[in-house]
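Colleague: I'm new to this one. Could you show me how to read it, step by step?

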Amino acid sequence: MLEFYDRILTKWGKNHANNANQILVMNAVKTSALWSDDESLKVIWSEIMVWTFELLYKNAMAQNEREGVNVMKKLRNKQ
């Protein structure tokens with residue numbers, strides 16, 4: 001995880017002026033990770049990953065639903 005945080009900080013550091021707030025927050029996140037035990041971090045990141053996949057699934061379903069509505073509109077307009 002620390003490597004992940006460092007990669008983001010390096011990326012954001014290339015444009016420090018525009019990313020100053022995010023850099024500050026990411027450094028706080030990195031510091032909290034350094035102070036946390038591995039088991040707590042596993043639990044936290046597991047919850048983050050579950051939530052992320054649920055959100056991606058809901059977005060995909062909503063996109064499919066919108067596409068289905070567009071197809072129905074096109075079919076209705078052809079009649």
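Modeller: Start with the order of elements: from the N terminus on, the protein chain runs α-α-α. That gives 3 helices and 0 strands. Keep in mind that this is a predicted model.

Colleague: How many residues does the chain have, and what share of them is buried?

Modeller: The protein chain has 79 residues, and buried ones make up 10% of them. About 7000 Å² is exposed, with carbon and sulfur atoms supplying 59% of that area.

Colleague: Let's take one helix. What span does α1 reach from its first C-alpha to its last?

Modeller: Helix α1 covers residues 2-13, which makes 12 residues, and it reaches 16 Å, close to the 16 Å expected at 1.5 Å a residue.

Colleague: And how do I read the sides of a helix?

Modeller: The general idea first: an α-helix has 3.6 residues a turn, so residues three or four places apart point the same way. Now the case here: Tyr 5, Ile 8 and Leu 9 of α1 are buried. Looking down the axis of α1, you find its buried residues within an arc of 100°, so they line one face of the helix. Glu 3, Arg 7, Thr 10 and Lys 11 are exposed on the other side of α1.

Colleague: Which residues does Lys 30 contact, apart from neighbours within four places in sequence?

Modeller: Lys 30, found in helix α2 (residues 16-35), is in contact with Leu 2, Tyr 5, Asp 6 and Leu 9. Take Leu 2: Lys 30 is 28 residues away from Leu 2 in sequence, yet their C-alpha atoms are 6.6 Å apart in space.

Note on methods: Residues numbered from 1 in each chain as written. Predicted model: local features only at pLDDT ≥ 70, side-chain atom pairs only at ≥ 80, totals over all residues. Heavy atoms only, no water. Helix = DSSP H or I, 4+ residues; strand = E, 2+ residues; numbered from the N terminus. Expected span 1.5 Å × (residues − 1). Buried < 20%, exposed > 50% of the residue type's maximum accessible area, 1.4 Å probe, protein only. Arc of directions from axis to C-beta. Contact = heavy atoms within 4.5 Å. Areas by Shrake-Rupley, 256 points an atom, 1.4 Å probe, with all protein chains shown as cover.
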